[in-house]
Amino acid sequence: MKKVLGALLLGATIVSAFIAYSMYTNYSAKQTAAIEQKQAAKKAEKKTEKKKKPVLKIEDLTYQLKDSRTGQVMKEFKPVHYKDKDVYDQEIKQLASELAKGIDTPMQNIKMDANGSLTGGSKQIILKEAELVENLQNLNTKQLDVKVPVYETAPNVTAASAQGIADVSLASYSTRFRPSDTSRNRNVQLSAEAINNVVLGPGDSFSYNQTVGERTAERGYQPAPEIINKQLVMGIGGGICQTSSTLFNAIDGAGLQVTARSHHSKHVGYVPAGRDATVSWGGPDFKFTNNKDYPVIIKAYANVNTGILTVDVRTSQRAI
C-alpha cells in the first residue's frame, strides 16, 4: 500500500512539474513574441519617420547675408538656381556687384593746411565681390548666415610721419598753357588747387575724380574746349585733363604705382604722345597708389600769368 501511494505521489509531482514547465514555456514564448513584435513595430515606425522627414535642399532655403563688420543683415537670399551652375554664378556675381555699389567708398585723402597740420581724410570701404561670390558658391544646409566681406582702410598717415614731408622733391613735371585762354586756365587752376597738398601714406590710394570732384558751373568751372570722340567740343571743365596728365608724369617720375589711366582719343599738345591721362566725371579716372614705405605730398601750382602748370611730388629728407 505504501508503495502504491508513493508511486501515485511521484506521478502527481511529475505531472504538476510538467504542467508548470509547459505554462512557463508558453508564457516565455508569448513574452518573447511580444517583445519582438514591439521591436519590429519600432523599426517600422522609424522607417516611416525617415520616409516622412523632408530632405533639406539648399535651393529651398533662405540665407541671411550679413555685414562682416557689424553682423547686420544686408539682404535675404534664396538660391533657387543653385543646381544650375552657369545661371547661379551669373546671378550671384550680379548680386555681389549690386551690393558693392551701395557700399564701396573711395578713400578721401588727407591734406596739409597752410599751418602744416593734417586735415580731412576718410577711410576707404570695399566689398570684396570675389570673396562674396565664393561664399555663395559654398552654401550648406546647416549654416544659413553668409558673411558679406566688407573691408575698411583708413589713410595711413600721422602728424609724426608727415613731419618735414615737403623737404625733398622726388619728381617734378611742368606743362604750358596759353595765359590768354582765361576760361580754360580757370579750370586748370581749380583742379590744381584740388590736388595741391594731398598727403598719401604708404599704401594709400588716390583717385583724381574723387579728389577734384564733379566739374560744375556752381563750383566755378568754366566752359572750355575738351576732346570727345576725337573732336574738340565745348564742355564745363575743359582743360582739367592737362592737370591730370601733368600729375601722371610727376608721380610716374617719382615711381608711384599707377592703377588706372586712359588716353585721349586724339593727341594733346601739352605732353608727349602716350604721356597723357584723360579723365571724365562718371567715366575714365586717373588713379595711383603710394607704393613707398614713407608718406609723400603732392604740390601743384598753376601760374595763370606765365602759363605754367607744375606738379611736384615731395617727401621728408629722412624718408629717402
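**Exercise 1. Tyrosine 63 and its surroundings**

Task: Find tyrosine 63 in strand β1 of this predicted model, then work out whether tyrosine 63 is buried or exposed.

Solution:
- Step 1. Recall the cut-off: a residue is called buried when its relative accessible area is under 20%.
- Step 2. Tyrosine 63 has a relative accessible area of 0%, so it is buried.
- Step 3. Now look for its contacts, leaving out residues up to four places away in sequence. Those that tyrosine 63 touches include Ile58, Lys75, Phe77, Pro79, Leu144 and Val146.
- Step 4. Leu139 is also one of the residues touched by tyrosine 63. Tyrosine 63 and leucine 139 are 76 residues apart along the chain, while their C-alpha atoms are separated by 8.9 Å.

**Exercise 2. The two sides of helix α2**

Task: Which residues of α2 are buried, and which are exposed on the other side?

Solution:
- Step 1. Locate the helix. α2 covers residues 85-101, which makes 17 residues. From its first C-alpha to its last it reaches 24 Å, close to the 24 Å expected at 1.5 Å a residue.
- Step 2. List the buried positions: Tyr88, Asp89, Ile92, Leu95, Ala96, Leu99 and Ala100. Viewed down the axis of α2, these residues fall within an arc of 130 degrees, so they line one face of the helix.
- Step 3. The spacing makes sense once you recall the geometry: an α-helix has 3.6 residues a turn, so residues three or four places apart point the same way.
- Step 4. Turn to the other side of α2, where Asp86, Gln90, Lys93 and Lys101 are exposed.
- Step 5. Finally, ask what covers the buried residues of α2. The cover includes β1 (63-67), β2 (73-77), β5 (124-127) and α3 (129-137).

**Exercise 3. Helix α3 by the same method**

Task: Which residues of α3 are buried, and what covers them?

Solution:
- Step 1. The buried residues in α3 are Leu132, Val133 and Leu136. Around the axis they cover an arc of only 100 degrees, which puts them on the same side of α3.
- Step 2. Their cover includes β1, β2, α2, β5 and β6 (145-148).

**Exercise 4. Salt bridges**

Task: How many salt bridges does the model count, and which residues form a network of them?

Solution:
- Step 1. The principle first: side chains of opposite charge can pair when their charged atoms come close. The cut-off here is a Lys or Arg side-chain nitrogen within 4 Å of an Asp or Glu carboxyl oxygen. The count comes to 9 salt bridges.
- Step 2. Take aspartate 145 and lysine 66, whose closest N and O atoms are 3.2 Å apart. This pair links distant parts of the chain, with aspartate 145 in strand β6 and lysine 66 in strand β1, 79 residues apart. Aspartate 145 is partly exposed at 37% relative accessibility, and lysine 66 is partly exposed at 24%.
- Step 3. Next comes glutamate 131 with lysine 147, at 3.8 Å from N to O. Here helix α3 supplies glutamate 131 and strand β6 supplies lysine 147, 16 residues apart.
- Step 4. In the bridge between aspartate 67 and arginine 69, the closest N and O atoms are 2.7 Å apart. Aspartate 67 is buried, at 8% relative accessible area, whereas arginine 69 is partly exposed, at 37%.
- Step 5. Extend that pair to the network: Asp67, Arg69, Lys123 and Glu152 are linked by salt bridges.

**Exercise 5. Strand β16 and its partners**

Task: Which strands pair with β16 over 8 bridges and 7 bridges?

Solution:
- Step 1. Strand β16 spans residues 308-315; 7 of its 8 residues are buried, so it is largely enclosed by the rest of the structure.
- Step 2. Strand β8 (residues 168-176) pairs antiparallel with β16 over 8 bridges. Valine 168 stands opposite threonine 315 in β16.
- Step 3. Strand β15 (residues 296-303) is joined to β16 by 7 bridges, also running antiparallel. Asparagine 303 has isoleucine 308 of β16 as its bridge partner.
- Step 4. Inspect the hairpin of β15 and β16, which has 4 residues between the strands: glycine 307 takes a positive phi near 70 degrees.

**Exercise 6. An open sheet**

Task: Which strands stand at the edges of the sheet β10-β14-β13?

Solution:
- Step 1. This open sheet has 3 strands with antiparallel pairing.
- Step 2. β10 (205-207) and β13 (257-260) are at the edges; each has a single partner strand, so one side of each is left without a neighbour in the sheet.
- Step 3. Check one pairing: β13 meets β14 (residues 287-289) over 3 antiparallel bridges, and alanine 260 stands opposite lysine 287 in β14.

Conventions: Residues numbered from 1 in each chain as written. Predicted model: local features only at pLDDT ≥ 70, side-chain atom pairs only at ≥ 80, totals over all residues. Heavy atoms only, no water. Expected span 1.5 Å × (residues − 1). Buried < 20%, exposed > 50% of the residue type's maximum accessible area, 1.4 Å probe, protein only. Arc of directions from axis to C-beta. Contact = heavy atoms within 4.5 Å. Pairing = 2+ DSSP bridges.
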